[in-house]
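Open the model in a viewer and keep the sequence panel in view. The stops below say what to select next and what is there.

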Amino acid sequence: MFDYEVLRLIWWALLGVLLIGFALTDGYDLGVAALLPWVARTDTERRMVINSVAPNWEGNQVWFILGGGAIFAAWPFVYAVSFSGFYLAMFVVLAAFILRPVGFKYRSKRPDPAWRTRWDYALFVGGFVPALVFGVAVGNVLSGAPFRLDSDLRTFYEGSFLGLFTPFTLLCGLLSVAMLVVHGSAWIAIRTEHGPVNDRARRFGTIAAIASILLFAIGWAFVAYGDLGFRIAGPVDPFGPSNPMRTTSAASAGAWLANYGTYRWMTIAPVLGFAGALFALIGINRRQETLALAGSSASALGIIATVGLSMFPFILPSSIDAHSSLTVWNASSSEKTLGIMLFVTVVLLPIVLAYTAWAFRVMWSRITSDDVRTNPDFY
């Protein structure tokens, strides 16, 4: 039905859809967890915050699994390089993720305040650390990962865990935290009763929205005036075999902005990143919770889309050997594999979307302090 070029483009777009889906659904979970010790002070308040995400957080994990599965099946070179090179960072994320289900399940098993406080901070770690590491990872992708391929396409990663943290990658990490805290604040504002928790969430959301706008602008300046960027230096064959060594790439400062000059419509992504955070800020301060949540969602969508569109056609450039860089055209699975996976996705993705919509509709309500005290099913 589709030729190889179109299939590669579809899967590049689907990968973006899955990452954005993860940020919009599990992203507010992470933001809520990162805010838990600061917006809620009593046990009842903290249970209100926890139960605002309790019905849906497990289902939201599906987007994370789908994203990892899509990279593994559609972009095996990217999966091999990133998961072998960033495995320590991945381990940190997975360890933090493990704290979330354990914290949700065990926190309310004992009435001891010290026991519950420790689990509250464990949940904070489970929200803050992944948000930070995901942003740092994106910063490293934009900077280029220190890997190279030999003539037999064997991968050699020459970086270190501490080498992942540079001023630019830390900036990306802080932007990721600010973006998800805005999303989490908007979620708490719309899902909890008006009162102290709601007011504190709006205060933190205001700070995070301003920080998100400033950090996104500073990141844009890094890309425009720093030494970041790669470009394809030789001919491009979208129909050719997946062999990274057939592409000639080169580091080129400012090249991440070149697509916006060629395709003007792409500027909608960074505009959405800024405008969404601004609308979230307005919605939070005017108690217009729907506007706040729509704005934080638009901001996350715009920021993530900005990264993908800026880098196209690169997926994972190499900082030590530009010729080993992985692109949409040289790192995908075979045409047959992409076609079969697309058929499966067309069947299954609507089911995931329908189930997600149904679960949100059924579980949607404001959490009150009376709910926490009287509902035996609450954490």
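Select Arg287, which is partly exposed because its relative accessible area is 37%, between the 20% and 50% cut-offs. The model is a predicted one. Arg287 sits in the loop between H10 and H11, just after H10. Check its backbone: phi is positive, about 60°, although Arg287 is not a glycine. Most residues other than glycine have a negative phi.

**Helix H10**

Step back along the chain and select residues 268-285, which form helix H10. The helix has 18 residues. From its first C-alpha to its last it reaches 25 Å, close to the 26 Å expected at 1.5 Å a residue. Colour its buried residues next: Ala269, Pro270, Gly273, Gly276, Ala277, Ala280, Leu281, Gly283 and Ile284. What covers the buried residues of H10? Show helix H7 (167-191), helix H8 (196-225), helix H9 (258-262) and helix H11 (289-311), which are included in the cover.

**Along H11 and past its end**

Select Ser297 in helix H11. Is Ser297 buried or exposed? Its relative accessibility is 19%, so Ser297 counts as buried. Leaving aside neighbours within four places in sequence, Ser297 is in contact with Leu24 and His183.

Now go to Pro313, in the loop between H11 and strand S5 (314-316). Look at the peptide bond that leads from Phe312 to Pro313: the bond is cis, and its omega is near 5°. Most peptide bonds are trans.

**A second positive phi**

Select Leu153, found in the loop between strand S1 (147-149) and strand S2 (155-157). Leu153 is a residue other than glycine with a positive phi, near 65°. Its relative accessibility is 26%, so Leu153 counts as partly exposed.

**Helix H8**

Ala221 is the next selection, and it lies in helix H8. At 32% relative accessibility, Ala221 counts as partly exposed. Add Gly254 to the selection and draw a distance between the two C-alpha atoms: they are separated by 9.9 Å, with the residues 33 apart along the chain.

**Around Ser242**

Move to the loop between strand S3 (230-232) and strand S4 (249-251), where Ser242 is placed. Which side chains make polar contacts with the side chain of Ser242? One is that of Arg8, at 3.0 Å. Another is that of Tyr4, at 3.5 Å. Show the surroundings as well: setting aside residues up to four places away in sequence, Ser242 touches Tyr4, Arg8, Phe77, Asn330, Ala331, Ser332 and Ser333.

**The nonpolar cores**

In soluble globular proteins, nonpolar side chains tend to be buried together. Here the largest nonpolar core has 89 residues. To find its best-connected members, select Trp11, Val49, Trp75, Ile188, Trp256 and Leu326, which have the most contacts inside this core. Which helix gives the core its largest share? That share comes from H7, with 14 residues.

Centre the view on Val49. Not counting residues up to four places away in sequence, Val49 touches Val32, Leu36, Val39, Ala40, Ile188 and Val197. Ile188, among these neighbours, is also one of the residues with the most contacts inside the core.

A second core, separate from the largest, has 5 residues. Tyr260, Met266, Ala305 and Leu309 are included in this second core.

**The whole protein**

Zoom out and colour by secondary structure: the protein has 13 helices and 6 strands. Its radius of gyration is 21 Å, close to the 21 Å that the globule rule gives for 379 residues, so the protein is as compact as a globular protein of that length. Taken along the principal axes, the C-alpha atoms fill a box of roughly 65 × 40 × 40 Å.

How much of the protein is buried? Of the 379 residues, 51% count as buried. Switch on the surface: the protein exposes about 17000 Å², and carbon and sulfur atoms supply 69% of this area. As a last view, draw the contacts between residues with a separation of 6 or more. Of these contacts, 80% join residues 24 or more positions apart.

Definitions and conventions:
Residues numbered from 1 in each chain as written. Predicted model: local features only at pLDDT ≥ 70, side-chain atom pairs only at ≥ 80, totals over all residues. Heavy atoms only, no water. Helix = DSSP H or I, 4+ residues; strand = E, 2+ residues; numbered from the N terminus. Polar contact = N/O pair within 3.5 Å; in protein donor to acceptor, adjacent residues only side chain to side chain. Contact = heavy atoms within 4.5 Å. Expected span 1.5 Å × (residues − 1). Buried < 20%, exposed > 50% of the residue type's maximum accessible area, 1.4 Å probe, protein only. Rg over C-alpha atoms; globule rule 2.2 N^0.38 Å. Areas by Shrake-Rupley, 256 points an atom, 1.4 Å probe, with all protein chains shown as cover. Core = buried A, V, L, I, M, F, W, Y, C linked by side-chain atoms within 4.5 Å.
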